[in-house]
Amino acid sequence: MADDSIAVVDLDRCQPDRCNYECSNFCPPNRTGKECIVTREDHYDDGEPFEGAPDQVWISEEICLGETCGICVEKCPFDAIQIINLPQELEDNPVHRYGDNAFSLYGLPAPGEGRVTGILGPNGIGKTTAVHILADELTPNLGDSATGGDWESVLEEYRGTALQDYLESLLDGDVTVARKPQYVDEIPDQFDGTTRALLEGTDERGVLDELIERVGIEPVVDQDIDTLSGGELQRVALVAALARDADFYFLDEVSPYLDIGQRMTAARLIQEMAEEEDRSMLVVEHDLAILDLLADVIHVGYGEPGAFGVITDPKSVKNGINEYLSGYLENENMRIRQNAIEFEEHAPRSVSTGDVVIEYPGLEKSYGEGEFSLSVESGTIRESEVLGVVGPNGIGKSTFAKLLADRLEPDTGELDASVDISYKPQYVEVDQPMRVDAFLGSIAEDFGTSYWNTEIAQPLQLDRIMDQQLTDLSGGERQRVAIAACLSRDADLYLLDEPSAHLDVEQRVLATSAIRRYAENHDATAMVIDHDIYMIDLLADRLLVFDGEPAVAGHASTPQSMRSGMNDFLSNLDITFRRDERTGRPRINKPESRLDREQKQAGEYYYAPE
């Protein structure tokens with residue numbers, strides 16, 4: 001194989017006990033007597049350590065004919081093999097490779113003092129690997145997994161670059177690191193006690209009380225950590241990281257489960273620490289509006305998830321995001337996606353005039369005296385429309401969804417019990433050891449048909465996880481399966497609560513496309529609750545806006561047009577958006593900027609006049 005190609009074997013998918021080694025038997029070099037594909041036991045010397053099981057396969061990248069052959073890829077019944085031609089423009093050696101036929105990372109982000117560095121890219125292309133290296137938790141091997149890595153070689157590799165000073169300081173012990181984990185819902189599994197007890201162990205800067213007040217978690221600091229919601233856990237995790245006295249902060253996805261106001265608060269906290277205290281911030285984020293506002297520079301990550309990833313040199317935030325959306329990286333002369341991610345024109349969609357699917361009366365729900373209460377004005381949801389639902393956390397959006405889905409009983413008002421609703425809850429919990437294909441097959445009557453594959457499986461990228469156990473899936477994979485399960489049921493209304501959580505940008509766009517297309521092609525109706533403005537912008541025909549006092553009382557108005565709904569919603573938050581002149585994507589205006597003042601004066605918080 002040429003130097004610009006790699007072979008990757010997914011050891012979690014390679015199941016030799018369930019196949020006849022078709023990859024090896026049909027491999028052209030093997031048929032000429034060469035040892036291109038052999039078992040790991042046959043390749044490694046006795047006693048030599050290796051990853052995987054002895055009967056799993058190993059592929060010689062020197063002998064393999066490359067992607068032009070691809071017979072082993074086609075013959076493997078479990079999609080365990082990838083033969084990939086690396087981009088011709090990729091001249092450097094890998095920063096790190098996890099082993100023979102394993103994931104390779106090319107390039108590292110360069111943290112800078114007093115600035116926020118963003119990383120934008122798909123899940124599974126090495127962002128976390130890069131952070132492990134920058135935190136001195138993983139010694140890079142420069143692609144030589146057989147001999148392991150040494151920092152002397154790494155320093156020589158990066159001599160004269162922006163990373164040299166950082167890496168030398170790291171090795172001298174002059175750099176300390178703090179990290180916020182990606183999956184905050186796993187925190188209760190790792191800590192047993194109150195929120196305060198968890199946070200007090202992190203207060204190295206003496207700013208804990210100030211941070212608690214800024215992010216608004218005072219009401220839960222004396223609660224047990226396992227009673228907190230996803231949004232509360234996200235803010236606790238952020239406080240725990242920022243309270244540490246570190247030089248380098250790695251913040252992995254600060255936006256999941258947070259409403260837009262809370263995201264803005266988090267962004268401002270991070271910016272203040274970078275600017276006022278000269279601390280290095282490295283943020284991985286999939287909410288493009290927040291990343292655009294938050295970062296000073298960004299690195300774009302691309303590649304084949306699970307196979308190889310490339311981290312580009314830093315770019316300006318505006319150009320980096322626009323290039324990523326267009327699918328073409330200009331400095332690298334690299335096309336990373338065939339189709340551009342596009343946004344609607346400045347004007348909102350016209351309101352649907354389809355038949356009424358659900359007509360609900362005024363509803364009220366209280367959780368008891370002194371507890372949260374919700375009031376909902378009467379409204380209608382129409383055929384073939386997507387109704388977006390927006391509002392702060394703790395304001396009753398999920399309560400309303402549960403009322404519609406018959407998971408809760410209203411105190412006043414009666415819903416039509418004859419309406420069939422398919423419901424995806426906010427938190428996707430999986431506790432049954434069941435394969436994905438068996439799970440979805442038990443729900444979808446047309447499971448496996450070309451139509452189901454085209455409408456649901458392909459847009460949600462389910463092919464490679466069909467034979468995995470539900471309990472083994474990542475947060476993003478669980479989310480995609482849950483969306484597929486919701487859309488696979490025969491229903492009058494498809495109700496999805498926070499479908500964007502843990503999805504990267506491309507997965508969000510694909511999920512959005514699947515939901516939108518399913519509603520249009522099936523004359524179906526969807527209601528989507530989400531905090532990602534980009535997703536709501538791409539999805540919704542109308543908006544249902546919630547306001548009130550979080551955790552105390554919530555109120556939902558009658559569904560309204562996108563323009564009036566966005567104006568109501570964003571005026572409560574005192575936030576305005578403009579549109580990027582090149583891509584049409586929404587961008588948050590800086591507070592008190594000229595555009596911010598002009599749009600507020602005109603009463604146009606989102607669909608600003610050109």
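**Buried charges, cores and salt bridges in a predicted model**

Arg516 has a relative accessible area of 12%, so this arginine counts as buried. The model in which it sits is a predicted one. Arg516 pairs up with Glu520 in a salt bridge, with 3.0 Å between the closest N and O atoms. Both residues belong to helix α19 (residues 505–521), where they are 4 residues apart, or about one turn of the helix. Glu520, at 42% relative accessibility, is partly exposed. Elsewhere, salt bridges with shared partners tie Arg205, Asp245, Glu277 and Arg279 into one network.

In total, the model holds 31 salt bridges. One of them joins Arg97 to Glu61, with the closest N and O atoms 2.7 Å apart. Arg97 is part of strand β5 (residues 96–97), while Glu61 sits in the loop between β3 (57–59) and α4 (71–75), so this pair ties together parts that are 36 residues apart in sequence. Both ends of the bridge are tucked away: Arg97 is buried at a relative accessible area of 10%, and Glu61 is buried at 17%.

Another salt bridge brings together the side chains of Arg244 and Glu204, at 3.1 Å from N to O. This one also links distant parts of the chain, 40 residues apart: Arg244 comes from the loop between α11 (230–242) and β9 (248–252), and Glu204 from the loop between α9 (195–200) and α10 (208–215). Here neither partner is buried. Arg244 is partly exposed at 29% relative accessibility, and Glu204 is partly exposed at 46%.

Two further basic residues turn up buried. Arg263, in helix α12 (residues 260–277), has a relative accessibility of just 4% and counts as buried. Its side chain makes a polar contact of 2.4 Å with the side chain of Asp287. Setting aside residues up to four places away in sequence, Arg263 touches Ser255, Leu258, Asp287, Ile290, His531 and Asp532.

The second is Lys424, in strand β21 (residues 421–424). At 1% relative accessibility, this lysine is buried too. Beyond its neighbours within four places in sequence, Lys424 is in contact with Gln479, Ala482, Ile483, Cys486, Leu495, Leu496, Asp497, Glu498 and Pro499. Asp497 offers its backbone oxygen, which the Lys424 side chain reaches at 2.8 Å. As for Leu167, 257 residues from Lys424 along the chain, the two C-alpha atoms are 45 Å apart.

On the nonpolar side, the largest core takes in 87 residues, and those with the most contacts inside it are Ile217, Leu242, Leu251, Ile270, Met281, Met566 and Phe577. Apart from this core lies another, of 35 residues, including Met466, Leu503, Ala511 and Ala526. Back in the largest core, Leu242 gives a feel for the local packing: leaving out neighbours within four places in sequence, Leu242 contacts Arg205, Leu211, Tyr249, Leu251, Leu269, Met273 and Met281. Two of these contacts, Leu251 and Met281, are also named among the core residues with the most contacts.

Helix α22 (residues 594–602) has a buried set made up of Asp596, Gln599 and Lys600. These three cover an arc of only 100° around the axis, which places them on the same side of α22. The other side of α22 has Arg594, Gln601 and Ala602 exposed. Strand β27 (577–579) is included in what covers the buried residues of α22. Right after the helix comes Gly603, with a positive phi near 75°.

Finally, the cysteines. The count of disulfides in the model is 0. For Cys19, the closest cysteine sulfur is that of Cys23, and at 6.2 Å the gap is too far for a bond. Cys27 is likewise in no disulfide, with the sulfur of Cys36, the nearest cysteine sulfur, 3.9 Å away. With the cut-off for a disulfide set at sulfur atoms within 2.5 Å, neither pair qualifies. Cys27 itself is buried, at 5% relative accessibility.

Key:
Residues are numbered from 1 along each chain as its sequence is written. This is a predicted model: local features need pLDDT of at least 70, side-chain atom pairs count only at pLDDT 80 or more; totals for chains, interfaces and linings use all residues. Side-chain values use heavy atoms; hydrogens and water are left out. Buried means under 20% relative accessible area, exposed over 50%, partly exposed in between (1.4 Å probe, protein chains only). Helices (H or I, at least four residues) and strands (E, at least two) are DSSP runs, numbered from the N terminus. The arc is that of the directions from the helix axis to the C-beta atoms. Contact means heavy atoms within 4.5 Å. A polar contact is a pair of N or O atoms within 3.5 Å; within protein, one must be able to donate a hydrogen and the other to accept it, and residues adjacent in sequence count only if both atoms are side-chain atoms. A nonpolar core is a set of buried Ala, Val, Leu, Ile, Met, Phe, Trp, Tyr and Cys residues joined through side-chain atoms within 4.5 Å. A salt bridge is a side-chain nitrogen of Lys or Arg within 4 Å of a carboxyl oxygen of Asp or Glu.
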